[in-house]
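Biologist: Could you take a close look at one part of this model for me, namely the side chains of opposite charge and how they pair? I would like one connected account, with every cut-off spelled out.

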Amino acid sequence: MAPTQTKQPQVQYEYIDRPEVSETFADFVQRIQFDGQTLRIEFCVSRLEDQKPNEPASGKRYPACRLVLSGAAAIDLMNKMQQITQGLIKAGVLKAETPAPETTSTIAG
């Protein structure tokens, strides 16, 4: 006889805001890495160097925040990003990706 699986009740969490938690600005995602357990994202901020005439613009990027998410939080983030993407497509801010047409090759012989 197979063991019966009991479904665990869904935990309900109440969100409690903490206004003292500071925000971190980033203008670039340097690295995203998944090790099978956690998703690590490194956010950076870009700073331009003083510009000299007749020289190309240059700058540096500095880490601003390293965020580590559990697998469950990473999935939640991906789902929420998909919702935002769909909203931006609906608003006309982004274009929906069109799948590349499948090509079939025929060998003439």
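Modeller: Gladly! Let me start with the labels: helices (H or I, at least four residues) and strands (E, at least two) are DSSP runs, numbered from the N terminus. By that count the chain has one helix and three strands, arranged along the sequence as β-β-β-α. Please keep in mind that the model is predicted, with local features needing pLDDT of at least 70 and side-chain atom pairs counting only at pLDDT 80 or more, while totals for chains, interfaces and linings use all residues. Residues are numbered from 1 along each chain as its sequence is written, and side-chain values use heavy atoms, leaving out hydrogens and water.

Now to the charges. Side chains of opposite charge can pair when their charged atoms come close. I call such a pair a salt bridge when a side-chain nitrogen of Lys or Arg is within 4 Å of a carboxyl oxygen of Asp or Glu. There are five salt bridges in the structure. One of them joins R31 to E42, with 3.5 Å between the closest N and O atoms. R31 belongs to strand β1 (residues 28-34) and E42 to strand β2 (residues 38-48), so this pair ties together parts eleven residues apart in sequence.

How covered are these partners? Under 20% relative accessible area is buried, over 50% is exposed, and anything in between is partly exposed (1.4 Å probe, protein chains only). R31 is partly exposed because its relative accessibility is 45%, whereas E42, at 10%, counts as buried.

E42 has another salt bridge, to the side chain of R66, at 3.1 Å from N to O. Here the link runs from strand β2 to strand β3 (residues 59-70), where R66 sits, so it ties together parts 24 residues apart in sequence. R66 itself is exposed, with a relative accessible area of 61%.

A further salt bridge pairs E49 with K60, their closest N and O atoms lying 3.7 Å apart. This one connects distant parts of the chain, as E49 is in the loop between β2 and β3 and K60 is in strand β3, eleven residues away. Both partners are partly exposed: E49 has a relative accessible area of 31%, and K60 has 46%. Returning to the pairs with a shared partner, R31, E42 and R66 are joined into one network of salt bridges.

K60 also leads us to S46, a residue of strand β2. The C-alpha atoms of S46 and K60 are 5.8 Å apart in space, although 14 residues separate them in sequence. With contact taken as heavy atoms within 4.5 Å, and neighbours within four places in sequence set aside, S46 touches D27, F28, K60 and R61. Its side chain makes a polar contact with that of R61 at 2.9 Å. By polar contact I mean a pair of N or O atoms within 3.5 Å; within protein, one must be able to donate a hydrogen and the other to accept it, and residues adjacent in sequence count only if both atoms are side-chain atoms. S46 is partly exposed, because its relative accessibility is 28%.

As a backdrop for the chain as a whole, buried residues make up 7% of its 109 residues. Of the contacts between residues at least 6 apart in sequence, 29% join residues at least 24 apart.
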